[in-house]
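Reader: I've got a structure open and I'd like to go through it with you. Shall we take it piece by piece?

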Amino acid sequence: MSKEPGETTAAATPPPADGYTFAAESQLRDFLALHLDLIEPGLRQFGAEGNESGVEYRTAAGPIDLFCMDSLGVPVVVELKLDEADEDALAQLLRYRAAVRPNEGKGGRVRGIILARRISSRLAYAAHEVEDLRLMMYSMAVHVSEFGLSPLPSRAHAVIAWAIGLMVL
């Protein structure tokens with residue numbers, strides 16, 4: 001972890017300057033489900049080849065936002081938070097890991113990723129005690145550029161072009 005224990009939320013994760021975010025956690029989830037490589041190269045949805053989906057994967061502990069397999073075949077539980085992730089997100093992730101470990105855990109190992117816009121200092125502190133856990137943050141940017149328009153032809157040019165088109169026929 002790059003976070004030091006005891007850091008405040010502001011120091012641990014300054015809010016993005018742009019202020020842009022998804023309107024709902026489901027939008028973040030659906031976007032990342034299509035772009036898992038943004039989280040980790042080689043990450044793929046659990047059951048992508050079969051009938052099951054790794055999106056909102058149902059467990060006895062509740063639905064996992066994204067249930068994945070890494071490039072080595074190790075299961076990965078991804079817990080998403082639209083804004084700030086705190087120690088409650090860690091408790092949620094640990095419940096999900098415990099729920100899938102008996103059936104899907106390769107050698108008992110199940111990795112976890114908490115991905116949010118901000119990470120609370122309390123979560124950063126607690127995360128130091130959890131193996132196979134990554135804390136990640138997302139941000140969004142919007143870029144606007146000018147679309148160069150060519151001048152529209154004058155009415156006279158349009159009539160000439162129409163006439164030339166008739167002559168070609």
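Reader: Which residue caps the N-terminal end of H3?

Author: This is a predicted model, where local features need pLDDT of at least 70, side-chain atom pairs count only at pLDDT 80 or more, and totals for chains, interfaces and linings use all residues. Residues are numbered from 1 along each chain as its sequence is written, and side-chain values use heavy atoms, with hydrogens and water left out. At the N-terminal end of H3, a side-chain oxygen lies 2.9 Å from the backbone nitrogen of Asp 88. The residue that supplies this cap is Asp 86.

Reader: How far apart are the end C-alpha atoms of helix H3?

Author: Helices here are DSSP runs (H or I, at least four residues), strands are E runs of at least two, and both are numbered from the N terminus. The expected span is 1.5 Å times one less than the number of residues. For the 18 residues of H3 (residues 87-104) that gives 26 Å, which agrees with the end-to-end C-alpha distance of 25 Å.

Reader: Which helix do the buried residues of H3 pack against?

Author: Buried means under 20% relative accessible area (exposed is over 50%, partly exposed in between; 1.4 Å probe, protein chains only). In H3 the buried set is Ala 89, Leu 90, Gln 92, Leu 93, Tyr 96, Arg 97 and Val 100. Their packing partners include strands E2 (55-57), E3 (64-69), E4 (75-85), E5 (111-119) and E6 (133-137), and the helix among them is H4 (121-127).

Reader: Which residues outside its close sequence neighbours is Leu 123 in contact with?

Author: Leu 123 sits in helix H4 and is buried, with a relative accessible area of 0%. Its C-alpha atom is 4.6 Å from that of Glu 87, 36 residues apart along the chain. Contact means heavy atoms within 4.5 Å. Leaving aside neighbours within four places in sequence, the partners of Leu 123 are Ala 85, Asp 86, Glu 87, Leu 90, Ile 114 and Leu 135.

Reader: What arc do the buried residues of H2 cover around the axis?

Author: Helix H2 (residues 25-34) has Leu 28, Arg 29, Leu 32 and Ala 33 buried. They lie on the same side of H2, because the arc they cover is only 130°.

Reader: And which strands do the buried residues of H2 pack against?

Author: For the wider setting, the protein has 5 helices and 6 strands, in the order α-α-β-β-β-β-α-β-α-β-α from the N terminus. The buried residues of H2 pack against E1 (44-45), E2, E3, E4 and E5.

Key: A polar contact is a pair of N or O atoms within 3.5 Å; within protein, one must be able to donate a hydrogen and the other to accept it, and residues adjacent in sequence count only if both atoms are side-chain atoms. The arc is that of the directions from the helix axis to the C-beta atoms.
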